[in-house]
Amino acid sequence: MDLDPRAAWAGLTRAERGVVGFVAALAALLVFGLLTGGLAPTYFLYLLGLVGMYVLLSFGLNAQWGYTGLINFSVAAFFGLGAYGTALLTADSSPIAGGFNPLVGLVVGLALAAVVAVVIGVPTLRLRADYLAIASLGLAEVVRLIVLNQREWTNGSAGLRGLPGFFEGWPVLATFPEAMPGLRIAVPFGATILLETPFWQALLNVGLVGVFVGASYLLLGRVHRSPWGRVLRTIRADEDLAEALGKDTYAFKMQSFVLGSVIMALAGVFYAHLNLFVSPGDFEPINTFYVWIAVILGGSGSNRGAMFGGFVVIAIREGTRFLNGAGFVPLDVAPLRLLVIGLLIVAVMRFRPQGVLPPQRELIWPGALGDADDAGTPRSAERGDPRE
Amino acid sequence: MTRVSDGDGGTERAGGSAAGDPVLRVEGLHKAFGGLVATDDASFAVERGTITGLIGPNGAGKSTLFNLISGFYDPDDGRVWVDGTDVTGAAPHDVAAHGLIRTFQTPRKLEGMTVREAMLVGPQDQPGESFLSLFTSPTAVADGERANLAAAERILEEFEIGHLADQPATDLSGGQTKLVELARAMLAEPELLLLDEPVAGVNPTLANELAAQIRRLNDAGTTFLVIEHDMGFLMSLADPVVVLDQGSVLMEGPPEAVRSDERVVDAYLGGGA
């Protein structure tokens, strides 16, 4: 947008400055960790991959809850469907049809999630919002139990191992990690940093999730700031009103539900090829609630918020591991992470119920505002600090 | 307000059978909730170009009738025609597609939207409401959006609330919300507009403003069916007036005739007078 950093800073709302400050501080901490050898570069990249995965999950839920007000408690199920969808087609140990290219797995994983979303949506989306919430709560368990018990299809509790990396069979990228030379970087004060094959592998994964996140962000941004996104917002605020104004709310809710579920499945596909192993444990309902927290914390309806929320949830989830190692804390901290997250959500609800980065722009197709070159910017300031 | 009504003032018309050009025709509508009969064989018609009033004591079934007509309730029996098309049992958005737009008794606020955005929900069949079109024909979407933005701006100006466009839709007063609702409904270019208590909770100045707007839009060709408890407002605006009592049509006629009709007085005073 603006190249002058000072002007860009001045144009931010207070919340945005806070977020920038927070991210900068955390980044500084991470760089410090990397340089002193406290944080292994490969593990750091693995964490980044997890962040990307959570951001995708948050995007998916945001497209359902944030845009349309659909209450989906089966985030973990759609995530798992994506993961199993690709795993069943690509893994060596797949009891169905292993050995396909991961791209086929990607398509099948997403299609599987879309089909299940339609199946669950047909009976529930015509009813009031509560029914989808109830049905999705059940769906998560049903999917988990099917995967656990239908051994002849899914390997049951043993899970599926032997998944290929996502880029297996690609021209250059498949051999990229092996082809890269091992690097040895000597840091003046700290340890020597080794960058070898696993590092390049992890870097490739981060690149992949970056592409997934970037593509989803662009797609969601485009569809949200449009008449389509406006109808979803209307449904969220008042479904009867949307109907009275001639909008087929059932069709819109279905589209929003399928879109969100497919993005969740995309996160699952990434996870399967990151971890190279999937098991019924990936359907843990706790993940659903982490994602809910990310979306509410970030600001329902805002993709930037979902991004930030996903980032914070991982920071807390993984950061507490490090506190454990630090000698100055007398308690075992890791089990407290749920408490921390709980307190955080109470604090957000109490002091900033709209979330940290609530949506700011009017949902008007940018192309129609052509003459005001970057549309929405003059207005975003007004909306930035809403009714407080 | 001195609208010319056809024929002698006091005569009742059997619903639907009258000659003319009805935008809305309702015949024998019946709806019961458990043992409570809310609408009992209601029949009437709304002629094109009129402002038809719908009055009745509390519990007469006015809002139920609105919900039946606009598709929010399915009738147990009877039929509804909008612009000659049978829409009985159709979903509300289908009824709206046939040109019948309604407003609600309690103003519906669009949380998280500006007035401009809330207005832009009004236009029907926007190209950008199709998910695919956003990718396959972005220029059509942009053209549609530009036209709708211009129309929204123009209508807000006509309603003299252009200055509200940037306001959050939730920050308006009750009266302003009603004005925005009416303005938005006009963006849908309805054949018939159903207003459910347009001036309930609105201060007298704004109520006059609303009345003037309704008259202006009516002159421009929109037909209205209005439920209202404020008799002064309705009697000066509507002609004819349909009186509903215990779920069925008690009488229909010009306001003067309704006002002086004994059955109407009885209905309102519970038969004691």
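This short talk covers the contact between chain A and chain B.

Please keep in mind that this is a predicted model, in which local features need pLDDT of at least 70 and side-chain atom pairs count only at pLDDT 80 or more, while totals for chains, interfaces and linings use all residues. Residues are numbered from 1 along each chain as its sequence is written, chains are lettered from A in the order in which they are written, and side-chain values use heavy atoms, with hydrogens and water left out.

Let me begin with how much of each chain takes part: 35 residues of chain A and 39 residues of chain B are in contact, where contact means heavy atoms within 4.5 Å. The area buried between the two chains is about 3300 Å², and carbon and sulfur atoms give 61% of that area; buried area is the accessible area, taken with a 1.4 Å probe, that two parts lose on being put together, summed over both.

Turning to charged pairs, there are five salt bridges between chain A and chain B, a salt bridge being a side-chain nitrogen of Lys or Arg within 4 Å of a carboxyl oxygen of Asp or Glu. One salt bridge joins R116(B) to E362(A), with the closest N and O atoms 3.1 Å apart.

On the side of chain A that touches chain B, the residues divide into 16 nonpolar, five polar and 14 charged, where Ala, Val, Leu, Ile, Met, Phe, Trp, Tyr, Cys and Pro count as nonpolar, Asp, Glu, Lys and Arg as charged, and the others, Gly among them, as polar.
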